[in-house]
Amino acid sequence: MLDGSSGPSSIGGYCLLEQEDVMDEMTGENADNTAAQRRTELSDLRVVVDRIEGRSVCGLRPGDSFDVTCSSRLSIPAGRHFCLYALSAVLPLLPAAQRSVDPDDWLASDEVACPDPEERLIMRIERTGRRSIPTEDLT
Ligand SMILES: [Zn+2]
């Protein structure tokens, strides 16, 4: 829900607030989850090139990665790049990876391949942290 107080600066704020919230959760505080305080539990993710079984076409190396934090913020380490097609392959899986999925569900798999058959580039999705974000900050 957007109101006059929402904007880039308040969006920037929720991630800072959130790190404090994670600590609160560890101590069991933050228990009242009223409708006005709905929260979305999301993992921060790192997508890492695990291995390249074929020929590296797009210049990625094992260990190359990008991060997704605060639900939707993608960042790539300075001076590195990421393959657009590898990104397109992993993108649909990220909302599930951010959430708790039944371990028997195929979406719980944390490996995905770049679609280039020459490359056979395998990425793995790592969870780097957990955030509890006010839901209204996300919509
Ligand atoms: Zn590629």
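Ser-71 sits in the loop between E2 and E3. In this predicted model, the phi of Ser-71 is near 80°, a positive value in a residue other than glycine. Most residues other than glycine have a negative phi. Ser-71 has 18 other C-beta atoms within 10 Å, so it is partly exposed; a count of 20 or more would make a residue buried. The loop belongs to a hairpin that E2 and E3 form with three residues between them. Cys-70, also in the turn, has a positive phi of about 50°. The two strands of the hairpin pair in the antiparallel sense over three bridges, and one of the pairs is Thr-69 with Arg-73 in E3.

From the hairpin the view can be widened to the whole chain. The protein chain has three helices and five strands, and from the N terminus on these elements run α-β-β-β-α-α-β-β. The strands make an open sheet of five with the order E3-E2-E1-E5-E4 and antiparallel pairing. Strand E3 (73–75) and strand E4 (111–113) stand at the edges with a single partner strand each, so one side of each is left without a neighbour in the sheet. From one strand to the next, the twist averages 25°. Strands of a sheet pair through backbone hydrogen bonds, either parallel or antiparallel.

On its other side, E2 meets E1. Four bridges join these two strands, which run antiparallel. Among the bridged pairs are Arg-46 with Asp-67 in E2 and Val-48 with Ser-65 in E2.

Which residues of E2 are buried, and which are not? The side chains along E2 alternate. Phe-66 and Val-68 point to one face and are buried, while Ser-65, Asp-67 and Thr-69 point to the other face and are not. The bridge partners named above for Arg-46 and Val-48, Asp-67 and Ser-65, thus belong to the face of E2 that is not buried.

The next topic is the nonpolar core. The largest one has 16 residues, and those with the most contacts inside it are Val-47, Leu-60, Ala-86, Leu-121 and Met-123. Two or more residues of this core come from each of strand E1 (39–52), strand E2 (65–69), helix H2 (84–90) and strand E5 (121–134). Val-47 can serve as an example. Leaving aside neighbours within four places in sequence, Val-47 is in contact with Ser-65, Phe-66, Val-90, Met-123 and Ile-125. Over the chain as a whole, 16% of the 139 residues count as buried. Of the contacts in the protein chain with a separation of 6 or more, 66% are between residues 24 or more positions apart.

Two further loops can be taken together. Arg-55 is found in the loop between E1 and E2, and Arg-120 lies in the loop between E4 and E5. How far apart are the C-alpha atoms of Arg-55 and Arg-120? They are separated by 7.6 Å, although the residues are 65 apart along the chain. Leaving aside neighbours within four places in sequence, Arg-55 is in contact with Glu-118 and Glu-119. Arg-55 counts as exposed because it has 10 C-beta neighbours inside 10 Å, and the limit for that class is 12 or fewer. Arg-120 has 14 other C-beta atoms within 10 Å and is therefore partly exposed. The phi of Arg-120 is near 50°, again a positive value in a residue other than glycine.

The last topic is confidence. The mean pLDDT of the protein chain is 82, and 74% of the residues reach 70 or more. Where is confidence lowest, and where is it highest? The lowest value belongs to helix H1 (residues 8–26), at a mean of 45, and the highest to E2, at 97. Over residues 1–13 the pLDDT is below 50, and beyond near neighbours in sequence this stretch has four contacts in the model. The pLDDT is also below 50 over residues 17–27, a stretch with 12 contacts in the model beyond near neighbours in sequence.

Notes
Residues are numbered from 1 along each chain as its sequence is written. A nonpolar core is a set of buried Ala, Val, Leu, Ile, Met, Phe, Trp, Tyr and Cys residues joined through C-beta atoms within 7 Å. Two residues are in contact if their C-beta atoms, placed from the backbone, lie within 7 Å. Two strands pair if DSSP finds at least two bridges between them. Axes are lines fitted to C-alpha atoms, for helices over the stretch in contact, and angles run from 0 to 180 degrees between N-to-C directions. pLDDT is the predictor's confidence in each residue, from 0 to 100.
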